[in-house]
Amino acid sequence: MKRLAFVVVLLLSALPVSAVAAPPAQGWAFPVIQGYGGIHVWKQAIDRPDPAATYKTLFVIHQGDPKSSQVNFGLQQVARALNEFGAAGVPSDHLKLEVVITGPATPLVLDGPAFMARYHHANPDLDLIARLQQAGVHIMVCGNALYGFGFTPGDLNPDIQIALSALTTTIIAQSRGYAIVQM
């Protein structure tokens with residue numbers, strides 16, 4: 001009997017995770033940023049945001065792959081934060097969200113033509129960037145990373161500002177009481 005149980009456990013552990021615990025096909029909600037950063041709110045979830053409080057966060061996005069046609073994971077997480085706080089009833093003026101793009105994520109700030117010229121496909125992040133900015137998120141790029149990649153201000157999405165550096169932006173935001181989320 002022990003041998004049979006061992007074989008069953010061994011076989012189950014060899015299955016891909018998706019075969020054992022596939023997420024539900026429906027149930028994702030997008031209360032603030034439609035189509036991005038889906039959330040599922042459990043009734044019994046704890047640590048819910050207080051709608052009366054103000055939340056200040058700097059997202060430092062340094063992970064990215066310009067060869068990918070997928071929207072950047074870090075930008076999806078910013079959308080998810082907006083959706084989660086929105087679902088909790090936190091007014092948009094109680095969210096002070098900033099994003100600084102740096103490192104391998106830097107190319108996501110390029111405008112359509114500059115991105116296409118360098119990576120030979122459309123920039124998958126432009127729509128989400130526009131939606132985040134419409135929701136009040138301030139997005140900037142590290143000036144050192146911009147230079148290091150050989151990009152110029154003329155290559156940028158015109159709605160993206162250039163920060164002195166991601167390092168100084170992080171220090172300044174932290175001194176102003178912002179939570180820092182690294183991605």
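Aromatic pairs, salt bridges and cores

Visitor: How many aromatic pairs does a search of the whole structure find?

Guide: In this predicted model, searching the whole structure gives 3 aromatic pairs. In one of them the ring centres of Tyr 55 and Phe 85 are 4.8 Å apart and the planes meet at 55°, so this pair counts as tilted. Tyr 55 belongs to strand S1 (residues 55-61) and Phe 85 to helix H3 (residues 73-87), so that, with their positions 30 residues apart, the pair links distant parts of the chain.

Visitor: Is Tyr 55 buried, exposed or partly exposed?

Guide: Tyr 55 counts as partly exposed, since its relative accessibility is 22% and the buried class ends at 20%.

Visitor: And how do Phe 149 and Phe 151 pair, stacked or tilted?

Guide: Phe 149 and Phe 151 are stacked, with 5.5 Å from centre to centre and 15° between the planes. Phe 151 is buried, at a relative accessible area of 6%, whereas Phe 149 is partly exposed at 38%.

Visitor: Switching to charges, what is the salt bridge count?

Guide: The count comes to 2 salt bridges. Arg 118 forms one with Asp 155, where the closest N and O atoms are 3.2 Å apart. That pair links distant parts of the chain, as Arg 118 sits in helix H4 (residues 112-119) while Asp 155 lies 37 residues away, in the loop between helix H6 (143-148) and strand S4 (161-163). Arg 118 is partly exposed at 33% relative accessibility, but Asp 155 is buried, with a relative accessible area of 14%.

Visitor: Where do Arg 131 and Asp 127 lie?

Guide: Both are in helix H5 (residues 126-134), 4 residues apart, which is about one turn of the helix. Their salt bridge has its closest N and O atoms 2.9 Å apart. Why such a spacing suits a helix follows from the geometry: an α-helix has 3.6 residues a turn, so residues three or four places apart point the same way. Arg 131 is partly exposed at 28% relative accessibility, and Asp 127 is also partly exposed, at 36%.

Visitor: Back to H4, what happens at its start?

Guide: There a side-chain oxygen of Asp 111 reaches to within 2.9 Å of the backbone nitrogen of Ala 114. Just after H4, His 120 takes a positive phi of about 60°.

Visitor: Now the interior: which residues have the most contacts inside the largest nonpolar core?

Guide: They are Val 99, Ile 101, Leu 132, Val 137 and Ile 139, in a core of 31 residues. At least two residues of this core come from each of S1, H3, strand S2 (95-101), H4, H5 and strand S3 (138-142), and H3 gives the most, with 5 residues.

Visitor: What is Ile 139 in contact with?

Guide: Setting aside neighbours within four places in sequence, Ile 139 is in contact with Val 99, Ile 101, Ile 129, Leu 132, Gln 133, Asp 159, Ile 160 and Gln 161. Apart from the largest core lies another one of 10 residues, among them Leu 58, Val 60, Val 100 and Cys 142.

Visitor: Last thing, what is the mean pLDDT of the chain?

Guide: The mean is 89, and 86% of the residues reach 70 or more. Over residues 1-23, however, the pLDDT is below 50, and beyond near neighbours in sequence this stretch has 3 contacts in the model.

Conventions:
Residues are numbered from 1 along each chain as its sequence is written. This is a predicted model: local features need pLDDT of at least 70, side-chain atom pairs count only at pLDDT 80 or more; totals for chains, interfaces and linings use all residues. Side-chain values use heavy atoms; hydrogens and water are left out. A salt bridge is a side-chain nitrogen of Lys or Arg within 4 Å of a carboxyl oxygen of Asp or Glu. Buried means under 20% relative accessible area, exposed over 50%, partly exposed in between (1.4 Å probe, protein chains only). A polar contact is a pair of N or O atoms within 3.5 Å; within protein, one must be able to donate a hydrogen and the other to accept it, and residues adjacent in sequence count only if both atoms are side-chain atoms. Rings of Phe, Tyr and Trp (its six-membered ring) pair if their centres lie within 6.5 Å; planes under 30 degrees apart count as stacked, over 60 as edge-to-face and the rest as tilted. pLDDT is the predictor's confidence in each residue, from 0 to 100. Contact means heavy atoms within 4.5 Å. A nonpolar core is a set of buried Ala, Val, Leu, Ile, Met, Phe, Trp, Tyr and Cys residues joined through side-chain atoms within 4.5 Å.
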